[in-house]
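Please look over this model before using it. My notes are numbered and kept short.

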Amino acid sequence: MYYYKPIGINSAKIIADEERDEREKESVKRLTVLDESFSKISNKIMRENPNIIAARLKEFYDQIIKGDGELLEVNNDIKEIYIKLLNFKVPKKAIDRLNLINGKLQFIRGNDENQSKKVNMDYFSVRIDEMPTFGGQLADVGILYKKIRDNFLTLSKGTVSFESNCREITIGGSWEFIPYPNQPKEELRRWERRLGSAIFEIKAGGDFIARTTGDDGAVLESESSQDSWIFTTVFTPESDTQPFSGHRQFGIHKDKEGNYRFFARAIDRVWPKHFISYWNGKECTVLDYLNIADATWNNLMRNVSKFVNSNGGKTTVMPADIKRVNFNIFFKKFRSSKPVNFVGNIDQFKTYN
């Protein structure tokens, strides 16, 4: 005769859990084999969140993401600064100055036909390893910020040469920030004295191709504080539409390791001139504009690095952090009913909660 020891409640639960885990593993295998795109996304999510049921995740993927994974990308490492910039409301006093030149804000939303499908979120920086010396005085962060800002118009000048995404040609271009020509002395005075609301035109030039297809722009100093400022894109009679729509912030802050960095970061969308998109095709034109934008801010960081080093400091130009996702999905998820009246300087590593 054989005697069987009854299985206790705890033992039965363990067995049930193990069976459920095995079933779940098989479910994941079946789902990922059927959909390679889903596999790439689900593997990472389920490693970090083992309690998620694969079948429910697949339903979410099919019904909401519809195969391209962009909604999950929107949730991945989105920084708090980009949410604030998305919801930033330009002060009335700045808009009033813009009205004086018959200009108007160029918003990040509202013209999908002309703007890029994806929104660009980028962060370019140079780390200050040793502070420079100016006039025999070792700079602190306030002095360094002022020196960089005072020399911004020179430091931001640059050139670029690259193979076009639209045609088999090499494009050589240049750019320069200049005080808006309507009242250049007043714009420069406002900028140098930090009065706010200065307006700058961005002149595009370069070789024959760049001159004939050049896309000038303009920006409004929409916010200024002791360690950062924001340029907002604007339409003006002199420059027409700005090649990008959104906000870009410049300033100095500390990174995770406690080192100071001068940075430029933005949330914006590409807005090419209509005739350039028409002749070349919108998608490849967007890529060309992004090449120029990346070159612009990498160039600024290199020039800031040289400026600090030439004054006895030491720097490291850091790799850029760039994220580009579907704008309409991003806007729907992060647009707030309450506008942000002041952005301020936010640590770059703070993610959105």
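The points below run from the basis of the model to one surface patch.

1. This is a predicted model: local features need pLDDT of at least 70, side-chain atom pairs count only at pLDDT 80 or more, and totals for chains, interfaces and linings use all residues. Residues are numbered from 1 along each chain as its sequence is written, and side-chain values use heavy atoms, without hydrogens and water.

2. Confidence first. Mean pLDDT (the predictor's confidence in each residue, from 0 to 100) is 86 for the chain, and 83% of residues reach 70 or more. Residues 1-7 have pLDDT below 50, with 2 contacts (heavy atoms within 4.5 Å) beyond near neighbours in sequence. Residues 208-213 also stay under 50. That stretch has 9 contacts beyond four places in sequence. Where pLDDT is low, the predicted coordinates should not be read in detail.

3. Overall build. The chain has 13 helices and 13 strands. These are DSSP runs, numbered from the N terminus: helices are H or I with at least four residues, strands are E with at least two. Of contacts between residues at least 6 apart in sequence, 68% join residues at least 24 apart.

4. Burial and surface. Of 353 residues, 47% count as buried (under 20% relative accessible area; exposed is over 50%, partly exposed in between; 1.4 Å probe, protein chains only). The exposed area is about 19,200 Å² (Shrake-Rupley method, 1.4 Å probe), and carbon and sulfur atoms supply 51% of it. The buried share is for the chain.

5. One local site. F275 sits in helix 11, residues 274-280. F275 counts as partly exposed because its relative accessibility is 37%.
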